[in-house]
Amino acid sequence: MITPKIQDDAIDTDLSTVLRSLHLKITPKRLALLDILMNESAYLSPEEIWHRMKKQFRRIGLPTIYRNLEELSERDIISKVTHPNRQLYYYFCANRSHHHHFVCLSCRKVEDINFCALDELRKEVKRKHNGKVISHILQVNGYCRNCLNLNKEEG
């Protein structure tokens, strides 16, 4: 499990261990990208990450960001957030157990949902379609309590 940022040295060690265990090269850019995502409670676009990283690495290209985000998400270090506008965003989730996410479309906050109906879905697919579920993706989009309250106050 990757822990939230406490000290730079501790984070680098933890992330280095995780990256090494997944046979990923440990690079300053990859560590910086993870650090950006770890210190955000909202999802970020590749472009937002790129703009932040350009402050530290002048010569970093957007393709490098995309490649690293894809590698990290394929290995479940970070999560993809699919926005209704069909753009992909990325989020660091420290929860390593199986769960899903609730995504606020207003403030972009991502919260864990510790509920999964996979067993029921498997049974339904088997019963109705005589099929077999191999994997699933569930993301719930909506508005968080804070954004709903703000809309009530403004409206």
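Which residues of helix 2 are buried? That is a good way into this predicted model, and the points below start there before moving on to the pocket, the hairpin and a few single residues.

1. **Helix 2.** The buried residues of this helix are R30, L31, A32, L33, L34, I36, L37 and M38. Put as a count, eight of the eleven residues in helix 2 are buried, and the helix is mostly covered. If you are colouring the model by accessibility, note that R30 belongs to the buried set along with the leucines L31, L33, L34 and L37.

2. **The loop after helix 2.** S45 sits in the loop that runs between helix 2 and helix 3. Its relative accessible area is 6%, and because the cut-off for buried is under 20%, S45 counts as buried. Beyond its neighbours within four places in sequence, S45 is in contact with Q87, L88, Y89 and R108. Of these partners, L88 and Y89 fall within strand 2 (88-91).

3. **I60, between helices 3 and 4.** The loop between helix 3 (46-54) and helix 4 (62-74) holds I60. With a relative accessibility of 5%, I60 is buried. Setting aside residues up to four places away in sequence, I60 touches K29, W50, M53, K54 and I65. These partners include W50, M53 and K54 from helix 3, and I65 from helix 4. For a sense of scale, the C-alpha atoms of I60 and N141 are 32 Å apart, with the two positions 81 residues apart along the chain.

4. **V18, in helix 1.** V18 belongs to helix 1 and is buried, at 18% relative accessible area. The cut-off matters for this residue: V18 is called buried because its 18% is under 20%. In sequence V18 and I77 are 59 residues apart, while their C-alpha atoms are 8.6 Å apart in space.

5. **The largest pocket.** How much space lies in the largest pocket? The figure is about 710 Å³. The pocket is lined by 23 residues, and those closest to its centre are D76, S79, K80, H99 and H101. Strand 1 (79-82) and strand 3 are the elements that give two or more residues to this lining. Strand 1 contributes the most, with four residues. By type, the lining divides into eight nonpolar, eleven polar and four charged residues.

6. **H99, by the pocket centre.** H99 deserves a closer look, as one of the residues closest to the centre of the largest pocket. Its place is the loop between strand 2 (88-91) and strand 3 (100-104). Is H99 buried or exposed? H99 is buried, with a relative accessible area of 13%. The side chain of H99 has a polar atom 2.7 Å from the backbone oxygen of S97. The side chains of H99 and H101 are also joined, by a polar contact of 3.1 Å. Not counting residues up to four places away in sequence, H99 touches C93, D112, I113 and N114.

7. **The hairpin of strands 1 and 2.** Strand 1 and strand 2 run antiparallel and are joined by four bridges. The two strands form a hairpin with five residues between them. In its turn, R86 has a positive phi of about 75°. K80, which is among the residues closest to the centre of the largest pocket, stands opposite Y90 in strand 2.

8. **Two positive phi values to check by eye.** Neither residue here is a glycine. H23 has a positive phi of about 60° although it is not a glycine, and N130 has one of about 50°, again without being a glycine. H23 lies in the loop between helix 1 (8-21) and helix 2 (28-38), whereas N130 lies in the loop between helix 5 (118-129) and strand 5 (139-142). Both are exposed: H23 has a relative accessible area of 73%, and N130 has a relative accessibility of 61%.

Methods:
Residues numbered from 1 in each chain as written. Predicted model: local features only at pLDDT ≥ 70, side-chain atom pairs only at ≥ 80, totals over all residues. Heavy atoms only, no water. Buried < 20%, exposed > 50% of the residue type's maximum accessible area, 1.4 Å probe, protein only. Polar contact = N/O pair within 3.5 Å; in protein donor to acceptor, adjacent residues only side chain to side chain. Contact = heavy atoms within 4.5 Å. 1 Å grid on protein atoms, 1.4 Å probe; cavity = no way out; pocket = protein on both sides within 12 Å on 5 of 7 lines; lining within 4 Å. Points joined across faces, edges and corners; volume = space filled by probe spheres on them. Nonpolar A, V, L, I, M, F, W, Y, C, P; charged D, E, K, R; others polar. Pairing = 2+ DSSP bridges.
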